[in-house]
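Reader: I'd like to walk through this model with you, starting with its empty spaces and then moving to its strands. Can you take my questions one at a time?

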Amino acid sequence: MPENYTALYEEHKKLGASFTDFGGWQMPLKYSSELAEHHAVRKSAGLFDLSHMGEVWVTGPEAAAFLDYALVGKISAMAVGKAKYSLICQQDGGIIDDLITYRRGDEKFLVVPNAGNAAVVAAALLERAAGFDVVVGDASAETSLIAVQGPLAEAILLRLVPAEQHALVTELKYYAAVDVPFTFDGGTQELLLARTGYTGEDGFEIFVANESAAALWQAIAGAAEEGELVPAGLASRDSLRLEAGMPLYGNELSREGNPFAAGLGPVVALSKEGDFVGKDALAALKAEGAGSTSGRKLVGLKGLGRRAGRGHYPVLKDGAVIGEVTSGQPSPTLGYPVALAYVDVEHSGLGTALDIDLRGKSEPFEVVALPFYKRQK
């Protein structure tokens with residue numbers, strides 16, 4: 001797969017980033033220490049490049065009805081200015097991607113899929129748009145996305161916003177978005193600011209044209225005082241989202257899985273009017289799961305020892321394989337190993353004692369409630 005470079009690639013090089021391939025993109029894995037970057041997001045703030053994510057605009061008189069059909073959630077129920085987490089599924093209920101949709105007007109929506117799935121989601125939406133009075137436009141190639149996450153995120157961004165407009169930022173609710181004027185690079189630009197994130201902390205994501213991305217990145221970094229903000233890479237983003245119990249496509253979510261096994265049943269609006277792609281299969285899966293102990297479900301596992309389970313390690317009960325780890329590592333915030341795993345439903349109850357096979361040696365874990373970490377508000 002050819003490598004893609006975000007508009008911020010040169011900024012990352014200047015900062016001495018270590019790079020890794022992620023969904024076909026060359027992305028910063030870390031700048032110095034992933035542990036230091038992780039702790040900075042929990043205690044102050046981190047600056048992330050998310051420009052590998054997709055941006056697909058859906059506009060037109062039937063945009064809301066179309067997204068109700070194309071996605072599993074009831075997108076038409078969203079108020080303008082709000083955001084909603086949803087899934088795009090296959091006819092058999094398998095998950096093509098998890099995504100966030102922002103309602104920017106009565107007939108205007110922004111759909112943000114994951115990096116490796118951006119083109120796939122855009123193509124699926126375009127195909128499903130047949131018969132609807134909508135326009136599907138993929139703006140991923142010309143759009144950058146910068147995130148500021150952590151307790152000091154709001155204070156740092158306010159330094160780039162005219163004082164008379166501060167309320168646009170301070171009054172923005174979680175899972176909402178608003179156009180905000182930012183002053184940088186010798187002028188003021190109105191940019192879409194979303195209070196969403198993937199770290200378990202308060203924070204923001206800013207959509208900006210590629211040609212202005214580097215200047216905005218530099219302005220945000222320059223607005224922070226010493227010790228308030230560090231650039232953060234994919235390694236810390238992964239440990240932060242794992243502590244927050246957030247699924248990663250390709251690990252916890254896939255075309256072979258389904259929303260109910262992944263604990264995302266509430267995202268599926270089976271009661272909404274009309275048909276939607278995957279509705280019959282998802283209704284059958286829900287009915288089957290309601291009265292059955294077969295199959296596997298996603299659970300959180302807390303390590304009782306010091307060694308961490310990793311992706312694809314077997315999960316054991318009395319020596320027998322009853323599941324598989326999807327994500328796992330030591331939790332920098334909590335000080336013990338954590339993991340997400342699919343296990344047989346009969347062994348998924350809170351408090352269940354299980355083991356993870358760490359290359360031939362069993363390590364004790366316990367099923368616990370998700371998320372592992374929840375910020376104090």
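Reader: How many cavities of 30 Å³ or more does the structure hold?

Author: Bear in mind that this is a predicted model. Rolling a probe the size of a water molecule over the atoms shows where empty space is left. For cavities of 30 Å³ or more, the count in this structure is one.

Reader: Which elements give two or more residues to the lining of the largest cavity?

Author: The largest cavity has a volume of about 30 Å³. Its lining is made up of Met 27, Pro 28, Phe 48, Asp 49, Leu 50, Ala 232, Gly 233, Leu 234 and Arg 237. The elements that supply two or more of the lining residues are β3 (25-30), β4 (46-49) and α8 (234-243).

Reader: And how many residues of that cavity's lining are nonpolar?

Author: Two residues of the lining of the largest cavity are charged and one is polar. The nonpolar ones number six.

Reader: Now the largest pocket: which strand gives the largest share of its lining?

Author: The largest pocket holds about 1200 Å³ of space. It is lined by 45 residues, and those closest to its centre are Tyr 175, Gly 197, Tyr 198, Met 246 and Pro 247. By type, the lining splits into 26 nonpolar, 10 polar and nine charged residues. The largest share from one element is four residues, and it comes from strand β7 (residues 95-105).

Reader: Which strands stand at the edges of the open sheet of five strands?

Author: The order across this sheet is β6-β7-β8-β5-β9, with antiparallel pairing. An edge strand has a single partner, so one side of it is left without a neighbour in the sheet. That describes β6 (83-89) and β9 (135-138).

Reader: What is the average twist from one strand to the next there?

Author: Take one antiparallel pair from the sheet: four bridges join β5 (residues 56-59) to β8 (residues 108-112). In that pair, Val 58 sits opposite Phe 109. From one strand to the next, the twist averages 25 degrees.

Reader: Which helix packs on that sheet?

Author: Look for the helix that touches β5, β6, β7, β8 and β9. Its direction makes about 80 degrees with that of β6. This is α4 (residues 118-128).

Reader: Is strand β10 (residues 143-149) largely enclosed or left open, and how many of its residues are buried?

Author: In a regular strand the side chains alternate between the two faces of the sheet. On one side of β10 are Thr 143, Leu 145, Ala 147 and Gln 149, on the other Ser 144, Ile 146 and Val 148, and all of them are buried. The strand is therefore largely enclosed by the rest of the structure, with a buried count of seven of seven.

Reader: Which residue of β13 is the bridge partner of Gln 149?

Author: β10 runs antiparallel to β4, with four bridges between them, and Leu 47 has Val 148 as its bridge partner there. β10 is also antiparallel to β13 (residues 203-209), joined by seven bridges. In that pairing, the partner of Gln 149 is Gly 203.

Reader: Last one: what is the relative accessible area of Phe 19?

Author: Phe 19 belongs to strand β2 (residues 18-22). Leaving out residues up to four places away in sequence, Phe 19 touches Tyr 9, His 12, Lys 13, Gln 26, Met 27, Pro 28 and Leu 29. Phe 19 is partly exposed, and its relative accessible area is 25%.

How values were computed
Residues numbered from 1 in each chain as written. Predicted model: local features only at pLDDT ≥ 70, side-chain atom pairs only at ≥ 80, totals over all residues. Heavy atoms only, no water. 1 Å grid on protein atoms, 1.4 Å probe; cavity = no way out; pocket = protein on both sides within 12 Å on 5 of 7 lines; lining within 4 Å. Points joined across faces, edges and corners; volume = space filled by probe spheres on them. Nonpolar A, V, L, I, M, F, W, Y, C, P; charged D, E, K, R; others polar. Pairing = 2+ DSSP bridges. Axes fitted to C-alpha atoms, helices over the stretch in contact; angles between N-to-C directions. Contact = heavy atoms within 4.5 Å. Buried < 20%, exposed > 50% of the residue type's maximum accessible area, 1.4 Å probe, protein only.
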